[in-house]
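Here is a friendly walk through a structure, from its ligand surroundings to single residues in its loops and strands. Have the model open beside you as you read.

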Amino acid sequence: METDYIVPIGPDGIFEIKTGTWRTVDPRIDQSSCVRCGACLMYCPVGAVTREGEVFRIDLEYCKGCGICANECPKGAITMEGRESA
Ligand code: SF4
Ligand code: SF4
């Protein structure tokens, strides 16, 4: 459902917000530095981090670019970089 609301519930019901549209910077995971601890997945407020086998990935459709994952990563494996053009 298309909406102008900034929260996922309103008079019309519950709906999905593509929080990736809020992002101005993109997180990048350096897979060679990642130790698979899962902190990024646990702390991401929008559930944009997923684990595929031994690899953690970030879904940019929902990542809002808050940088929490980068702050919480114990290995500094996540950097926030300028946004790609859409
Ligand atoms: S927090 Fe950092 S080290 Fe841990 S899984 Fe995420 S990217 Fe890897
Ligand atoms: S930048 Fe924020 S929203 Fe995006 S993956 Fe990291 S914690 Fe989640």
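Ligand 1 is surrounded by 13 residues, and the closest are C34, C37, A39, C40 and C73. A residue counts as near a molecule or strand if its C-beta atom, placed from the backbone, lies within 6 Å of it. The shell around ligand 1 divides into 10 nonpolar, 1 polar and 2 charged residues. In this sorting, Ala, Val, Leu, Ile, Met, Phe, Trp, Tyr, Cys and Pro are nonpolar, Asp, Glu, Lys and Arg are charged, and the others, Gly among them, are polar.

Ligand 2 also has its shell: 13 residues surround it, with C44, C63, C66, I68 and C69 the closest. Here the division is 10 nonpolar, 2 polar and 1 charged.

A word on how to read all this: this is a predicted model, in which local features need pLDDT of at least 70 and side-chain atom pairs count only at pLDDT 80 or more, while totals for chains, interfaces and linings use all residues. Residues are numbered from 1 along each chain as its sequence is written, and chains are lettered from A and ligands numbered from 1 in the order in which they are written.

**The chain as a whole**

The protein chain has 2 helices and 6 strands, and from the N terminus on its elements run β-β-β-α-β-β-α-β. Helices (H or I, at least four residues) and strands (E, at least two) are DSSP runs, numbered from the N terminus. Of the 86 residues of the protein chain, 14% count as buried. Buried stands for 20 or more other C-beta atoms within 10 Å of the residue's own, exposed for 12 or fewer, and partly exposed for anything in between, with C-beta atoms placed from the backbone. Among the contacts in the protein chain with a separation of 6 or more, 64% are between residues 24 or more positions apart; two residues are in contact if their C-beta atoms, placed from the backbone, lie within 7 Å.

**Core and hairpin**

The largest nonpolar core has 11 residues in all: C40, C44, A48, V49, F56, I58, C63, C69, C73, A77 and I78. Such a core is a set of buried Ala, Val, Leu, Ile, Met, Phe, Trp, Tyr and Cys residues joined through C-beta atoms within 7 Å. C40, one of its members, touches V49, F56, C69, E72, C73 and I78, not counting residues up to four places away in sequence. C40 is also among the closest residues to ligand 1.

Where do strands β4 and β5 meet? Strand β4 (residues 49–52) runs antiparallel to strand β5 (residues 55–58), and 4 bridges join them. Two strands pair if DSSP finds at least two bridges between them. V49 stands opposite I58 in β5. The two strands form a hairpin with 2 residues between them, and G53 in the turn has a positive phi of about 65 degrees.

R57 is placed in strand β5. R57 touches T50 and E52, its neighbours within four places in sequence left aside. Its C-alpha atom is 9.6 Å from that of C40, 17 residues away along the chain.

**Single residues**

P45 lies in the loop between α1 (39–43) and β4. Beyond its neighbours within four places in sequence, P45 is in contact with C66 and I68. The C-alpha atoms of P45 and C66 are 8.8 Å apart, with their positions 21 residues apart along the chain. C66 and I68 are also listed among the closest residues to ligand 2.

R36 sits in the loop between β3 (25–29) and α1. R36 is not a glycine, yet has a positive phi of about 60 degrees.

G76 belongs to the loop between α2 (68–72) and β6 (78–82). G76 and S33 are 43 residues apart in sequence, with 7.7 Å from C-alpha to C-alpha.

I14 is in strand β2 (residues 13–14) and, its neighbours within four places in sequence aside, contacts P8 and I9.

The table sets out the exposure of these residues.

| Residue | Other C-beta atoms within 10 Å | Class |
|---|---|---|
| P45 | 10 atoms | exposed |
| R36 | 12 atoms | exposed |
| G76 | 10 atoms | exposed |
| R57 | 14 atoms | partly exposed |
| I14 | 9 atoms | exposed |
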